[in-house]
Amino acid sequence: MNPSVEKLYSIAQKPSRTVIGLMSGTSLDGLDIALCQINGSGNETGVELKNFKTIPYDSELKKRLKAISSVQQVSLKEVCLLHSKLAGLHAEFILSALEKWDIKPDQIDCIASHGQTIYHAPKIQHRQDDSPNTTLQIGDGDHIARKTGILTISDFRQKHTAAGGEGAPLAAPVDQMLFTHESENRILLNIGGIANFTYLPASSNPDKAPITTDTGPGNTLIDNAVQKYFDKDFDKNGRIARQGSVNKTALKALKTDPYFKKSFPKTTGPEVFNLEWMQQRLDKSKVGDIPSEDIVATLTRLSADTITESVKKVVSDSQNIIIYVSGGGFHNPVLMDWLNELLPDCHILSFAKIGFDPDAKEAVIFAILANELLAGEGFSINTDSNKKVNFGKISFPE
Ligand SMILES: Nc1ncnc2c1ncn2[C@@H]1O[C@H](COP(=O)(O)OP(=O)(O)OP(=O)(O)O)[C@@H](O)[C@H]1O
Ligand SMILES: CC(=O)N[C@H]1[C@@H]2OC[C@@H](O2)[C@@H](O)[C@@H]1O[C@H](C)C(=O)O
């Protein structure tokens, strides 16, 4: 047997694995590194977040990634260069985190790398009948494996599209496996650049795929507006939104986008929700000039309203439901206050109440997906067949 395959086989048989989950989301702010101890697999999985760190990207890298992300035309040379460069950088970040945590690379069983989404195009977005849902992440797994010496699993989204899904949200099957509760109706809401949730009714059938969807913009429009009008990365603690007022005409104009009416599951990205999108909608509705603070307030309200409307499509007001929130949007008090106001029947709590550091959630999700590829039996998702699927591709260091 090839020694790499033999090692893979022994890792897959271990009762407990040490897995590093990596996530670098649509906000392009940096790399989340989650060191997880994962016991077992499937419904018997137990996960402990041992260490977590976000390493920010420098402004030069952010600029280069932004130039090739979510836009229709790019330099192919730049995409090719960044595919390997970013992987090498992620490997360096992992090695520096391990050094800081006083852990040797050979103590790690595997790395689970999401990569950087540079384009996401489900059919509802690209509208070409003869092409499937499609999505593209860069940061090649072989480069990470080679540079760290650690078995690496990457490129998780392709199997989902190959099986008829949109490539996202991938959190749903893991949310269902780990967080379904026997007596509590739960929604796990993640407010990243894009907001998404998984609905987990009490004691749901684990063999049936849960309801999940992207709801639309989370922080992406707010971030873009703050970067353009205030030269800041994001609206820290919602300070700018608080200084502005919601422009009701503008809000109404933005909410007419057909995406918000589409049925679940649906996914999206900054390819759709960006400042050009906003301007076109405002121009079409003849909304005149708006003070910049009001734009930020209106975009924050847009996220709150569209998350709320999606939640209300799956739960009735009277239903006793707890929403556990993760992602950077949880740190925006204006957004959270509005969600509390708009969903008075729901209890809205931090995901930390049932899990771990909410900022680490997505990185841990990919660690669990890798663990399932190694030792699980696959997930039931709404696919082209009833057969279970696994996600990720394996890169050996050798
Ligand atoms: N203190 C804060 N106040 C307001 N907003 C904040 C704060 N901290 C983080 N955020 C928001 O959270 C964003 C980062 O969120 P997160 O890391 O969850 O996104 P992401 O993982 O890049 O996105 P996605 O999940 O869509 O891929 C920031 O860009 C910012 O908008
Ligand atoms: C294509 C892509 O990278 N999508 C991300 C993005 O960030 C949030 C939302 O849009 C979600 O659908 C997805 O990530 C999470 C981790 C998911 O797949 O569940």
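Into which domains is the protein chain divided? In this predicted model, the chain falls into domain 1 (3-168 + 360-395) and domain 2 (182-353). Taken over C-alpha atoms, the centres of domain 1 and domain 2 are 25 Å apart. Contact between the two involves 20 residues of domain 1 and 24 residues of domain 2. On the side of domain 1 that touches domain 2, at least two residues come from each of strand S4, helix H4 (123-126) and helix H14. The most is given by S4, with 4 residues. By class, this side of domain 1 consists of 6 nonpolar, 11 polar and 3 charged residues.

Attention can now turn to the nonpolar cores. The largest nonpolar core has 50 residues, and those touching the most other members are Ile20, Ala112, Phe366, Ala367, Leu369 and Ala370. Seven elements each supply at least two residues of this core: strand S1 (16-24), strand S2 (30-39), helix H3 (76-100), strand S4 (110-121), helix H5 (141-148), helix H7 (171-179) and helix H14 (361-375). Among these, H14 gives the most, with 10 residues. The surroundings of Ala367 offer a closer view. Leaving out residues up to four places away in sequence, Ala367 touches Val19, Ile20, Gly21, Ala34, Cys36, Ile38 and Ala112. A second core, separate from the largest one, has 42 residues, including Leu254, Phe330, Val334 and Phe351.

Phe330 and Phe351 appear again in the surroundings of Val325, where both are in contact with Val325. Val325 belongs to strand S10 (residues 321-326). Val325 counts as buried because 25 C-beta neighbours lie inside 10 Å, where 20 or more are needed. Beyond neighbours within four places in sequence, the contacts of Val325 also include Leu189, Ile191, Ile348, Ser350 and Pro358. Across a stretch of 128 residues along the chain, the C-alpha atoms of Val325 and Phe197 are 9.1 Å apart.

Helix H8 (residues 220-230) provides another buried segment, with Thr220, Leu221, Ile222, Asp223, Asn224, Ala225 and Val226 all buried. The cover over the buried residues of H8 includes strand S8, strand S9 (211-217), helix H9 (239-243), helix H11 (275-284) and helix H12 (292-314). Directly after H8 comes Asp231, which has a positive phi, near 55 degrees.

Which residues does the UniProt annotation "binding site" cover? According to that unreviewed entry, the annotation covers Gly25, Thr26, Ser27, Leu28, Asp29, Gly30, Leu31 and Asp32. Two of these positions can be followed in the model. Thr26 sits in the loop between S1 and S2, while Asp32 lies in strand S2. Thr26 is buried because 21 other C-beta atoms lie within 10 Å. Asp32 is also buried, since it has 23 other C-beta atoms within 10 Å. With residues up to four places away in sequence set aside, Thr26 touches Thr117, Gly192, Gly193, Ile194, Thr220, Gly269 and Pro270. Thr220 is one of the buried residues of H8. On the same basis of counting, leaving out residues up to four places away in sequence, Asp32 touches Leu22, Met23, Ser24, Thr54, Asp359, Ala360, Glu362 and Ala363.

The ligands complete the picture. Ligand 1 is surrounded by 22 residues, the closest being Gly25, Ser27, Gly192, Asn219 and Gly328. Of these closest residues, Gly25 and Ser27 are also covered by the UniProt annotation. The shell around ligand 1 comprises 3 nonpolar, 14 polar and 5 charged residues. Where does ligand 1 lie with respect to domain 1 and domain 2? Both domains give residues to the shell, so ligand 1 lies between them.

Around ligand 2 there are 19 residues, and the closest are Thr117, Ala168, Pro169, Ala171 and Ile194. Thr117 and Ile194 are also among the residues touched by Thr26. At least two residues of the shell around ligand 2 come from each of S4, strand S8 (194-200) and H14. This shell divides into 6 nonpolar, 11 polar and 2 charged residues. Domain 1 and domain 2 each contribute at least three residues to the shell around ligand 2.

How values were computed: Residues are numbered from 1 along each chain as its sequence is written. Chains are lettered from A and ligands numbered from 1 in the order in which they are written. This is a predicted model: local features need pLDDT of at least 70, side-chain atom pairs count only at pLDDT 80 or more; totals for chains, interfaces and linings use all residues. A nonpolar core is a set of buried Ala, Val, Leu, Ile, Met, Phe, Trp, Tyr and Cys residues joined through C-beta atoms within 7 Å. A residue is buried if 20 or more other C-beta atoms lie within 10 Å of its own, exposed if 12 or fewer, and partly exposed in between; C-beta atoms are placed from the backbone. Two residues are in contact if their C-beta atoms, placed from the backbone, lie within 7 Å. UniProt positions are given in the numbering used here, feature names are shortened, and annotations may be inferred rather than shown by experiment. A residue is near a molecule or strand if its C-beta atom, placed from the backbone, lies within 6 Å of it. Ala, Val, Leu, Ile, Met, Phe, Trp, Tyr, Cys and Pro count as nonpolar, Asp, Glu, Lys and Arg as charged, and the others, Gly among them, as polar. Domain bounds come from an automatic or database domain assignment.
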